[in-house]
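Work through the exercises below with the model open. Try each task before you read its solution.

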Amino acid sequence: MTPLEQEIAAMIAQEGPMSLERFMSLAALHAQHGYYKSKVPIGVRGDFTTAPEIHQMFGELIGLWAAEVWHALGAPAHVHLIELGPGRGTLMADVLRAARIVPEFRRALDVHLVEASETLMSEQRRALGGEDISVTWHGDIEALPSGQAIILANEFFDALPVRHYMRGRDGWHERLVGLNERGEFCFGLAPGAEALAAGDVQEGAILEIGIVAQRMMSRLADYVASECGALLAIDYGYAEKQMGETLQAVRGHAYTDPLQAPGESDLSVHVDFPALANAARAAGASVYGPVTQGIFLARLGIAPRAEVLKRNADAAQAAAVDAALARLALPGPVTGPNASMADLFKALAVTAPGFPVPPGFEADAARVAP
Ligand code: SAH
């Protein structure tokens, strides 16, 4: 048993079964043993890889997206560039490099990183060490400064904890994490039933609700709407509301049991984009998308960008550009080490009301609810 397993098992033994939300929070953020507190999860030697780690094209296109948004804001002399969960700092480093082609934009920036992990903070410090731009770290979004802002979040919302509910005859029962007779973590159901607005569904159906993510989006949308700015969230997730659970644990690039060895694997869920969009709209912001990452990157010009990079590349580099283009933006295998991110991942933009349609969302703007 790991120290965190022992600690959680002792809590359950003392206080009874806990919500999945609490279990996931402890697994991710426990002060000493939480996954994001003690591991460097991302990269070939970590547990998973993310789009910015696949190729610099991804971050560069996001950098140009941010520059266009800054233009649409009226090219202000100061704008906060905020990133939520910046991982190893790769995305921000690529964004700032791409921003060099719009020097006025780059001069307007100060960078704010929201990061819960000390380990990743030091990686970010290393990645951004050579930049002549002020970088400030924040433990959570409540500490963000006021003022116009462009907010980026890649694979951030999937890491936030969720609750599960199962439909019983008499209503919805929250799924809790308890201990079985062998002392292992197992799922059980809360005895009391709750009423949830989930429509007419079959007994036994499971509903996954990301209240933490919705609350966070609500705060961010309020910020973006009142301070004037825009947010871009990219993540794996679904574009239409669905029943069922998507909780997954990944360790060493392979799936494992989410209840086993908390803190040792990355727990995540597929992001409920309709719920995030609703939370943002309810907070008074305009919402665009979600569109698939494939379409979004195609609209931002990933194919011509890849061609330019290949012109100055040797054969191995050109092959790497092609492989990255395929993985990031072209339809392809849905599983395996080269699984395509094009359809599984989605992009969602949230802006102040009255803001022009952000790049990459043009053709969808017509079907966006007011
Ligand atoms: N955006 C990066 C990393 C994704 S991993 C990339 O694309 O490579 C998720 C990131 O979110 C990590 O940096 C993790 O430490 C951070 N994180 C997870 N939960 C968080 C929370 N509740 N508050 C702040 N940061 C969090």
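**Exercise 1. Place Ala261, then judge its cover and its backbone.**

Step 1. Ala261 belongs to the loop between E12 and strand E13 (266-268). Strands (E, at least two residues) and helices (H or I, at least four) are DSSP runs, numbered from the N terminus. The model is predicted: local features need pLDDT of at least 70, side-chain atom pairs count only at pLDDT 80 or more, and totals for chains, interfaces and linings use all residues. Residues are numbered from 1 along each chain as its sequence is written, and side-chain values use heavy atoms, with hydrogens and water left out.

Step 2. Ala261 has a relative accessible area of 14%, so this residue counts as buried. Buried means under 20% relative accessible area, exposed over 50%, and partly exposed in between (1.4 Å probe, protein chains only).

Step 3. Phi of Ala261 is positive, about 50°, although Ala261 is not a glycine. Most residues other than glycine have a negative phi.

**Exercise 2. Examine His253 and Thr256 around strand E12.**

Step 1. His253 sits in the loop between strand E11 (248-251) and E12. Phi of His253 is positive too, near 65°.

Step 2. His253 is partly exposed, at 41% relative accessible area.

Step 3. Thr256 is in strand E12 (residues 254-256). Thr256 is partly exposed, at 33%.

Step 4. Go from Thr256 to Pro304. The two are 48 residues apart in sequence and 39 Å apart in space, C-alpha to C-alpha.

**Exercise 3. Find the cis peptide bond that ends at Pro290.**

Step 1. The bond runs from Gly289 to Pro290, with omega near 10°. Most peptide bonds are trans.

Step 2. Pro290 lies within strand E15 (residues 286-292).

**Exercise 4. Is His80 buried or exposed, and which side chain does the side chain of His80 contact?**

Step 1. His80 is part of strand E2 (residues 79-84).

Step 2. His80 is buried, at 12% relative accessible area.

Step 3. Its side chain makes a polar contact with the side chain of Asp110, at 2.8 Å. A polar contact is a pair of N or O atoms within 3.5 Å; within protein, one must be able to donate a hydrogen and the other to accept it, and residues adjacent in sequence count only if both atoms are side-chain atoms.

**Exercise 5. Compare the cover of helices H2 and H6.**

Step 1. H2 spans residues 20-29. Seven of its 10 residues are buried, so H2 is largely enclosed by the rest of the structure. Among them are Leu20, Glu21, Phe23 and Met24.

Step 2. H6 spans residues 90-98 and is mostly covered, with seven of its nine residues buried. These include Leu91, Met92, Asp94 and Val95.

**Exercise 6. Describe the surroundings of the ligand.**

Step 1. The ligand has 19 residues around it (a heavy atom within 4 Å). The closest are Thr50, Gly85, Gly87, Glu115 and Asn154.

Step 2. Take the polar atoms. A backbone N or O atom of Gly85 is 2.7 Å from a ligand nitrogen atom. A polar side-chain atom of Glu115 is 2.4 Å from a ligand oxygen atom. A polar backbone atom of Ala116 is 3.4 Å from a nitrogen atom of the ligand.

Step 3. On its own, the ligand has 570 Å² of accessible area (Shrake-Rupley method, 1.4 Å probe), and the protein covers 95% of that area.
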